[in-house]
Amino acid sequence: MNKINPKKLHYSKWTAVTPVNKEKHFLVTGVEFDEEGEVIACEIEAVISRRAISIQWQELTDDTCWLFGWK
């Protein structure tokens with residue numbers, strides 16, 4: 001399980017364990033917080049194609065799908 005601090009999520013780097021559309025490396029480009037400081041939206045962007053995907057930030061804690069950093 002990847003440990004994530006939601007406040008340091010913005011511009012963090014991630015590697016997909018199983019590449020999606022031949023895209024493996026991603027960067028968190030957008031994080032939205034509510035009034036209480038909880039993350040309500042997260043957007044990742046593929047490094048090569050610049051394709052953006054909205055995901056639940058909790059998905060990044062699953063180390064069978066995502067690895068922290070670029071590997």
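User: Where along the chain is Ser12 found, relative to strand 1?

Analyst: Keep in mind that this is a predicted model. Strand 1 covers residues 13-20. Ser12 is found in the segment before strand 1.

User: Is Ser12 buried or exposed?

Analyst: Buried means under 20% relative accessible area. Ser12 has 9% relative accessibility, so Ser12 counts as buried.

User: Which side chain does the side chain of Ser12 make a polar contact with?

Analyst: Setting aside neighbours within four places in sequence, Ser12 is in contact with Phe26, Leu27, Val28 and Phe68. The polar contact is a separate matter: at 2.8 Å, the side chain of Ser12 pairs up with the side chain of Trp14.

User: Why is the pair of Trp14 and Phe68 edge-to-face?

Analyst: The count of aromatic pairs here comes to 2. For Trp14 and Phe68 the ring centres are 5.1 Å apart, and the planes sit at 80°. Planes over 60 degrees apart count as edge-to-face, so what settles it for Trp14 and Phe68 is the plane angle of 80°.

User: How many residues apart are Trp14 and Phe68?

Analyst: The pair links distant parts of the chain. Trp14 belongs to strand 1 and Phe68 to strand 5 (residues 66-68), which puts them 54 residues apart.

User: Which does Phe68 count as, buried or exposed?

Analyst: Its partner Trp14 is buried, at 2% relative accessibility. The cut-off for exposed is over 50%. Phe68 comes in at 51% relative accessibility, so Phe68 counts as exposed.

User: What about Phe26 and Trp66: which strands does that pair link?

Analyst: The rings of Phe26 and Trp66 have centres 5.3 Å apart and planes at 80°, so they're edge-to-face too. Phe26 is buried at 1% relative accessibility, and Trp66 is buried at 10%. With their positions 40 residues apart, they link strand 2 (residues 23-33) and strand 5.

User: How far is the charged end of Lys13 from the centre of the ring of Trp70?

Analyst: A charge sits over a ring only if it's within 6 Å of the ring centre and within 35 degrees of the ring normal. The charged end of Lys13 does sit over the ring of Trp70, and its distance from the centre is 4.6 Å.

User: Zooming out, what is the radius of gyration of the chain?

Analyst: The chain has 0 helices and 5 strands, running β-β-β-β-β from the N terminus. The globule rule gives 11 Å for 71 residues, and the chain's value is close to that, so it is as compact as a globular protein of that length: the radius of gyration is 12 Å.

Conventions
Residues numbered from 1 in each chain as written. Predicted model: local features only at pLDDT ≥ 70, side-chain atom pairs only at ≥ 80, totals over all residues. Heavy atoms only, no water. Phe/Tyr/Trp six-rings, centres within 6.5 Å; stacked < 30°, edge-to-face > 60°. Helix = DSSP H or I, 4+ residues; strand = E, 2+ residues; numbered from the N terminus. Buried < 20%, exposed > 50% of the residue type's maximum accessible area, 1.4 Å probe, protein only. Polar contact = N/O pair within 3.5 Å; in protein donor to acceptor, adjacent residues only side chain to side chain. Contact = heavy atoms within 4.5 Å. Rg over C-alpha atoms; globule rule 2.2 N^0.38 Å.
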